[in-house]
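Colleague: Got a minute to go through this one with me? I'd like to know what stands behind the labels.

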Protein chains: 2
Amino acid sequence: MSAALPLKRVPVALIGLGGVGAAVLGQLLAPPLSSRFQLILIANSRLSLSLPLPSGPLTPVNFRPILEQYGVTLDLSSVISILANHSDGPGVLIDSTASEILPGMYPQILGMGISVVTPNKKGASGSLDLYESIRAATYPNSRALYYDEATVGAGLPILSTLKDLVETGDEIIKVEGVFSGTLSYIFNEFSKAEGGDVKFSEVVKIAKDNGYTEPDPRDDLSGTDVARKLTILSRLIPTTPALPEGYASVPTQSLVPPALEDAKTKDEYLSRLAEGDEYFDKIRSEAAAEGMVVRYVGVIDLKEGKVECKLGKYPKDHAFATALKGSDNIVSFTTKRYSPRPLVIQGSGAGGDVTAMGCTSDLIKVHERIAHV
Amino acid sequence: MSAALPLKRVPVALIGLGGVGAAVLGQLLAPPLSSRFQLILIANSRLSLSLPLPSGPLTPVNFRPILEQYGVTLDLSSVISILANHSDGPGVLIDSTASEILPGMYPQILGMGISVVTPNKKGASGSLDLYESIRAATYPNSRALYYDEATVGAGLPILSTLKDLVETGDEIIKVEGVFSGTLSYIFNEFSKAEGGDVKFSEVVKIAKDNGYTEPDPRDDLSGTDVARKLTILSRLIPTTPALPEGYASVPTQSLVPPALEDAKTKDEYLSRLAEGDEYFDKIRSEAAAEGMVVRYVGVIDLKEGKVECKLGKYPKDHAFATALKGSDNIVSFTTKRYSPRPLVIQGSGAGGDVTAMGCTSDLIKVHERIAHV
């Protein structure tokens with residue numbers, strides 16, 4: 001066996017240490033990634049910590065107390081400068097925050113040669129101006145790379161597959177899927193192929209009690225998260241309608257029923273949840289009368305020129321009705337090559353470990369492209 | 001928008017111009033790939049043609065007659081030398097042949113810095129010695145890249161997903177799938193969730209008449225093609241059993257029934273096909289009595305330490321029974337992260353266009369990694 005190529009340990013700064021960020025940290029500190037990257041800084045929204053520590057190794061167990069004890073006030077411009085000017089650099093910024101602050105700075109960060117890997121949807125699903133500025137600052141316009149596989153379907157290879165289809169010259173006809181783990185769970189329980197009459201409010205309560213929803217379930221039921229994912233997918237397809245305001249330009253059906261639109265607080269909404277049951281019962285029974293189930297889907301229909309998030313009806317033997325289980329995501333790509341039967345990808349689309357995998361597999365791609373000495 | 005990076009048009013030689021090779025040629029000659037690669041040579045098993053032509057452009061329509069008229073006797077060592085020493089090189093060899101000749105030369109070719117992209121299973125599914133020689137001659141041991149996504153599931157992102165799972169530190173528990181389009185079609189028709197009593201021989205005849213099988217259906221029914229794919233998958237998982245002889249080391253159930261094992265020629269086999277019907281009727285009715293359908297699957301079970309190709313029984317509501325249609329492939333990855341519900345990828349796994357897509361998406365990855373000036 002020949003000697004290995006000389007490869008740089010690519011410098012990485014990780015900002016955002018919630019569930020996903022912590023899981024990314026765990027994957028980065030373990031082999032084989034620990035030998036390919038050097039973690040030079042971690043930060044949450046307040047504090048940052050330069051690495052390596054003089055006192056001993058950082059671990060997935062000790063990082064929180066050490067950050068609290070030794071961290072200094074986060075200074076984003078200093079982090080960016082360190083990454084841009086590192087002797088093994090420029091490095092990679094992992095933005096594992098949910099804020100809009102860092103995404104707004106991506107064009108500037110990328111412009112300094114720093115690559116960005118992120119599960120944060122706010123950059124690519126916002127205004128077209130920001131999105132185009134991000135694209136203009138990345139490969140093939142510069143050496144800086146931008147990867148965001150984890151923004152849609154967590155670790156599932158959804159964006160990479162869509163990119164491959166487009167770049168190899170396939171014609172996309174339709175992209176359709178269940179992109180929210182929360183809404184997948186709610187409708188898989190509410191509208192089963194085999195029937196059942198559980199109330200919508202009961203399913204939402206169970207989902208909330210099990211931690212499947214945001215603290216205010218309306219943040220899931222608004223459909224905004226799905227609209228953001230659909231915007232990110234849509235922008236990878238050259239022939240889709242322009243979405244100048246990003247997710248806000250996507251027609252999105254809200255699952256907060258008319259009877260509850262006037263609920264002012266989360267608590268009022270939750271206490272009055274059952275007032276919406278009649279609304280959802282009617283939708284379910286109308287679908288059942290046609291032999292259909294109800295699913296909350298995102299659809300990009302290139303023939304119709306439409307991008308939308310809505311309650312859709314699917315036959316009981318459709319993959320969205322039978323194959324979809326639990327809180328899984330599913331996406332089907334119908335293309336010139338993959339038709340009449342689509343290319344389908346399915347699996348868990350939320351959670352720290354699988355979302356982190358989306359980020360770390362992106363990091364590996366970055367490493368493969370920039371680690372040559 | 002900043003100016004684009006200076007990128008080389010990567011030199012490519014395409015050997016093998018059957019259905020897949022012709023489709024690769026079509027994708028390479030069309031935008032956007034035509035601007036990223038320069039096709040410097042095409043060849044079939046006899047003749048090669050250097051490009052560009054003095055007389056005008058090569059097209060997916062004119063290449064066969066032009067090759068016959070102007071081609072010269074194929075000289076592999078000359079092709080390799082041209083790729084290795086190209087002024088924009090080293091380039092990429094696309095091996096779209098089905099022969100064992102080129103795969104046996106991969107270590108030497110890679111050793112000269114030439115990257116290899118191939119749908120040919122003979123290299124990675126043969127002896128462990130050859131496989132290890134290929135690995136030793138590629139990144140990260142050298143700058144030469146080796147990509148073979150199209151060997152399993154054609155254009156479906158199966159190998160790339162397995163690599164991502166392994167490299168990001170997931171623990172693979174089980175990989176299970178229907179990897180043969182031919183055998184998918186045959187068993188989807190023969191053993192339906194909703195029942196039916198079509199004869200095995202009738203389904204094989206329909207499959208053969210529609211061109212879904214090899215000219216001698218025993219080449220599909222032997223299971224060897226599935227064993228090759230399983231070998232390629234298995235070798236990407238560090239904890240699998242060693243397969244010193246590659247596919248020949250994989251326990252593989254043949255679908256040529258005992259009654260027909262003595263058939264000497266293809267014609268004798270085909271004329272006596274119905275003699276096997278009783279054998280398959282029994283297998284189907286035993287499964288049906290348990291509420292199961294029969295599918296020909298490849299299984300890598302890391303808990304049991306087993307790699308095998310066999311007739312498996314699956315409940316009627318399993319994805320292999322309900323979601324699988326036509327001649328689609330399906331693969332499920334059960335891992336520490338993706339359990340109890342697996343990550344599932346499904347879609348057409350055979351045919352020129354989708355197999356070519358597996359190759360050209362690999363080519364794009366090679367371009368991203370070596371095109372910097």
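Modeller: Sure, strands first: two strands pair if DSSP finds at least two bridges between them, a strand being a DSSP run (E, at least two residues), a helix one of H or I with at least four, numbered from the N terminus. This is a predicted model, where local features need pLDDT of at least 70, side-chain atom pairs count only at pLDDT 80 or more, and totals for chains, interfaces and linings use all residues. Residues are numbered from 1 along each chain as written, chains are lettered from A in the order written, and side-chain values use heavy atoms without hydrogens or water.

Colleague: What makes β12(A) and β12(B) a pair?

Modeller: 3 bridges join β12 (residues 343–348) of chain A to β12(B), and the strands run antiparallel. At least two are needed, so they pair. Val344(A), for one, has Gln346(B) as its bridge partner.

Colleague: Why is Ser184(A) called buried?

Modeller: Its relative accessible area is 1%, and buried means under 20% (exposed over 50%, partly exposed in between; 1.4 Å probe, protein chains only), so Ser184(A) qualifies. Ser184(A) sits in helix α7 (residues 181–190) of chain A.

Colleague: How do you know that Glu368(B) and Arg369(A) form a salt bridge?

Modeller: Their side chains come to 3.4 Å, N to O. The rule asks for a side-chain nitrogen of Lys or Arg within 4 Å of a carboxyl oxygen of Asp or Glu, so the pair counts. Between chain B and chain A there are 8 salt bridges.

Colleague: Why is α10(B) described as largely enclosed?

Modeller: Because 9 of the 11 residues of α10 (residues 224–234) of chain B are buried. Among them are Val226(B), Leu230(B) and Ile232(B).
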